[in-house]
Amino acid sequence: MILKEIIKQAENKMKKTLDVAHHELNGMRTGRASASMVDEIKMNYYDTPTPIKQLATINASQAHLIVIQPWDASIISEIEKAILKSNLGFSPANDGKVIRISIPQLTTEKRQEMVKLTKKLTEESKVSIRSIRREANEDLNKEKEDSTLSEDEVFKGHERVQELTDEYITKIDDLLEEKEKEILQF
């Protein structure tokens with residue numbers, strides 16, 4: 001039972017690391033409009049920091065245009081201010097009903113810079129995955145020392161933890177490859 005708990009705990013941590021990497025990569029600018037670029041921006045709504053996605057419909061129906069349609073038109077200027085404060089470099093324009101954000105094309109230099117940033121972010125995720133592997137292996141070794149697990153169980157545990165590590169690092173590599181293609185696409 002202890003073996004399964006250690007492996008399950010390691011797998012859950014690795015999944016969370018993958019989810020964080022996926023979320024961070026989705027929020028990166030690629031030159032193509034994506035609703036995820038702005039949906040986590042928060043604004044003050046009745047004295048509560050609230051993500052824009054909870055207050056409006058966000059669409060990216062065109063390659064270089066994000067359209068935000070608030071459910072309450074009275075907050076349109078507040079959403080616009082929050083977008084400007086977000087430091088994403090967007091210049092929103094509103095017509096009183098919707099906010100339009102034109103996404104400019106990225107220069108080749110900026111695209112290469114974004115790829116470097118993407119690689120750095122995914123490498124940090126891989127380091128995190130390896131750290132989780134190390135912690136799980138240490139837990140397995142501790143259980144062996146405490147005579148809770150046999151040597152065979154610990155060996156099998158180490159193998160399973162390594163399989164999980166390889167699986168999640170491959171998933172992170174796949175995310176990197178997908179994001180690189182998206183960034184470098186003209």
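## A walk through the model

Start with the whole protein chain on screen: four helices and six strands are there to find (helices are DSSP runs of H or I with at least four residues, strands are runs of E with at least two, and both are numbered from the N terminus). This is a predicted model, so local features need pLDDT of at least 70 and side-chain atom pairs count only at pLDDT 80 or more, while totals for chains, interfaces and linings use all residues. Residues are numbered from 1 along each chain as its sequence is written, and side-chain values use heavy atoms, with hydrogens and water left out.

**The whole chain**

Color by secondary structure and follow the sequence: the pattern reads α-β-β-β-β-α-β-β-α-α. The radius of gyration is 22 Å, well over the 16 Å that the globule rule gives for 186 residues, so the chain is more spread out than a compact globule. (That radius is taken over C-alpha atoms, and the globule rule is 2.2 Å times the number of residues to the power 0.38.) Along the principal axes, the C-alpha atoms fill a box of roughly 70 × 40 × 25 Å. Of the 186 residues, 38% count as buried (buried is under 20% relative accessible area, exposed is over 50%, partly exposed is in between, with a 1.4 Å probe and protein chains only).

**The sheet**

Now select residues 56-62, then 92-94: these are S3 and S5, the edge strands, each pairing on one side only. They belong to an open sheet of four strands in the order S3-S4-S6-S5, with antiparallel pairing (two strands pair if DSSP finds at least two bridges between them). Strands of a sheet pair through backbone hydrogen bonds, either parallel or antiparallel. Look for the twist: neighbouring strands here are turned by 25° against each other on average, direction ignored (axes are lines fitted to C-alpha atoms, for helices over the stretch in contact, and angles run from 0 to 180 degrees between N-to-C directions).

Work across from the S3 edge. S3 and S4 form a hairpin with two residues between them, and five bridges join the pair. Click Gln 62 and you'll find its bridge partner, Leu 65, in S4. S4 itself is mostly covered, with five of its six residues buried.

Four bridges then take you from S4 to S6. Leu 65 stands opposite Ser 102 in S6, and Ile 68 stands opposite Ile 99.

Which residues of S6 make up its covered face, and which its uncovered one? Show the side chains: Ile 99 and Ile 101 are on the covered face, Arg 100 and Ser 102 on the uncovered one. In a regular strand the side chains alternate between the two faces of the sheet.

Last comes S5, joined to S6 (residues 99-102) by three bridges. Pro 92 has Ile 101 as its bridge partner, and Ala 93 has Arg 100. The hairpin of S5 and S6 has four residues between the strands, and there Gly 96 takes a positive phi near 95°.

**The helix on the sheet**

Select 76-85 for helix H2, which packs on the sheet and touches S4, S5 and S6 (contact means heavy atoms within 4.5 Å). The direction of H2 makes about 170° with that of S5. Step on to Gly 89, in the loop between H2 and S5. Is Gly 89 buried or exposed? Its relative accessibility is 62%, so Gly 89 counts as exposed.

**A stop at Thr 50**

Select Thr 50 in strand S2 (residues 48-51). With 9% relative accessibility, Thr 50 counts as buried. A polar atom of its side chain lies 2.9 Å from the backbone oxygen of Thr 48. Not counting residues up to four places away in sequence, Thr 50 touches Ile 41, Lys 42, Met 43, Tyr 45 and Leu 55.

**The two cores**

Finish with Met 14, Ile 129, Leu 140 and Tyr 168, which touch the most other members of the largest nonpolar core, a set of 26 residues. (Such a core is a set of buried Ala, Val, Leu, Ile, Met, Phe, Trp, Tyr and Cys residues joined through side-chain atoms within 4.5 Å.) Helices H1 (2-26), H3 (108-145) and H4 (151-184) are the elements that give two or more residues to this core. Center on Ile 129: leaving aside neighbours within four places in sequence, its contacts are Met 14, Thr 17, Thr 165, Tyr 168, Ile 169 and Ile 172. A second, separate core has 20 residues, including Met 37, Ile 41, Ala 56 and Ile 101.

Conventions
A polar contact is a pair of N or O atoms within 3.5 Å; within protein, one must be able to donate a hydrogen and the other to accept it, and residues adjacent in sequence count only if both atoms are side-chain atoms.
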